[in-house]
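Me: Please go through the salt bridges of this model with me, giving the cut-offs as you use them.

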Amino acid sequence: MTEEVPTPTAGGERPGWLPLALIVSLFFLWGGANNLNDVLIAQFKKAFVLSDFRAGLVQSAFYLGYFLVAMPAGMYMRRFGYKSAVIFGLVLYGVGALLFWPAASAGTYELFLLALFVIASGLAFLETSANPFVTLLGPRETATRRLNLAQAFNPLGSIAGVLIGQHFIFSGVERSPAQIAAMGTAERAAYYATETHAVQWPYLVIGLVVLGWGLLILLTRFPRSVSAHAASATHAGASVLGKLLRDRRFTGAMCAQFFYVGAQVGVWSYTIRYVQATMSGFSARDAANFLTAELLCFMAGRFIGAALMKYVAPVRLLMLFAAINVGLTLYAVVHPGSSGAYALAACSFFMSVMYPTVFALGVEGRGDDERKLGSALLVMTIIGGAVLTAAMGAVSDHSSIATAMSVPACCFAVVLLFAWQRRHGTMEGAR
């Protein structure tokens, strides 16, 4: 079939700056959505009086959307093309954000979880399509540089998401359990309603901006070329899937990615909770400064890690960074308080290279069919963010939030084991 996609080959029609800018902006948009969840966990815990486990269901609903929709998104992209997949993803993202308004009006936690699931479904489409799309928006020889530039906007979006939550969702009003118990019934209901409605306007604006961005992409002319979307026969697809799942190098990457995403999401989701529980006198708004510091460290790690890879093999750097993070998260367990919070902030610096490095190692040296299907499977492992964040909440409810940081410590140990095995070739010959 024919669709408007750019040709990366010399001599073809080259895209202008607008198509590239529109697609690169998607990395910013989904970074903001991901890290607004870290704010929502603290906000919903207060507004709905939730346990840490139930508050962690924010991430469970969100990453379940990634898990269930990643493969259908890949199939949609194969059938209708990159641009159509991007627009459809933005529509889902925008609709999910708009659903926050009726969910807040109803004051129902489960409706918020449904809205987050819809947002995540849209982001699954964006993540599946935007990465390869950006590599096509210009000459083939600069594709890697363009993709690295696009990925740098992701932590910028994450920081923007936290700042939006910090200044437009968090009220700065903190009530102790004793103060809430002393309120009258009407006063208590008004307090909870105010905290619940705080998310309405920010998400309404986000929803309208996202839908407007989708309309702008729809109306923008991308260079036209013929793109092959002929799907493989069903039995051929099943054959490729079976080959991937029998390959220990690939399944090892899937396992490492599952635990890495769980560690990243868990640390960021419970940073505000950790600071408030282990350091006296911090409101949720003040504690969010630590989350912002983590995201700044993460962004710095992206650039510095990429520079280090000129001199250090990626798998060796992955092994070193994973080992450091095991130590940092265990330190946060043993030394709750300011030093533990700073250790978690430093942890984000060393997390920065993990997702792209594991992803690259998973699809390294594979043919086109294996790479496409393998990429979708690796996106599905983002479900680790749902499973392990909920596990951290359960540990916190039964022990303490500091003890819960032992969960990401174990996750980083799995990444360390994966890197060690790849470094020493113990997974080779597993096909």
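Me: Is Asp52 buried or exposed?
Reply: This is a predicted model, in which local features need pLDDT of at least 70 and side-chain atom pairs count only at pLDDT 80 or more, while totals for chains, interfaces and linings use all residues. Residues are numbered from 1 along each chain as its sequence is written, and side-chain values use heavy atoms, with hydrogens and water left out. Buried means under 20% relative accessible area, exposed over 50% and partly exposed in between, with a 1.4 Å probe and protein chains only. Because Asp52 has a relative accessible area of 2%, the class is buried.

Me: Which residue forms a salt bridge with Asp52, the closest N and O atoms being 3.1 Å apart?
Reply: A salt bridge is a side-chain nitrogen of Lys or Arg within 4 Å of a carboxyl oxygen of Asp or Glu. The partner of Asp52 at 3.1 Å counts as partly exposed, at 25% relative accessibility, and this partner is Lys45.

Me: How many residues apart in sequence are the parts that Lys46 and Glu195 tie together?
Reply: Lys46 and Glu195 form a salt bridge whose closest N and O atoms are 3.3 Å apart. Helices are DSSP runs of H or I with at least four residues, numbered from the N terminus. Since Lys46 lies in helix H1 and Glu195 in helix H9 (residues 185-197), the separation in sequence of the parts they tie together is 149 residues.

Me: Which residue forms a salt bridge with Glu110?
Reply: Glu110 is partly exposed, with a relative accessible area of 46%. The closest N and O atoms of the pair are 3.3 Å apart, and the partner is Arg54.

Key: Helices (H or I, at least four residues) and strands (E, at least two) are DSSP runs, numbered from the N terminus.
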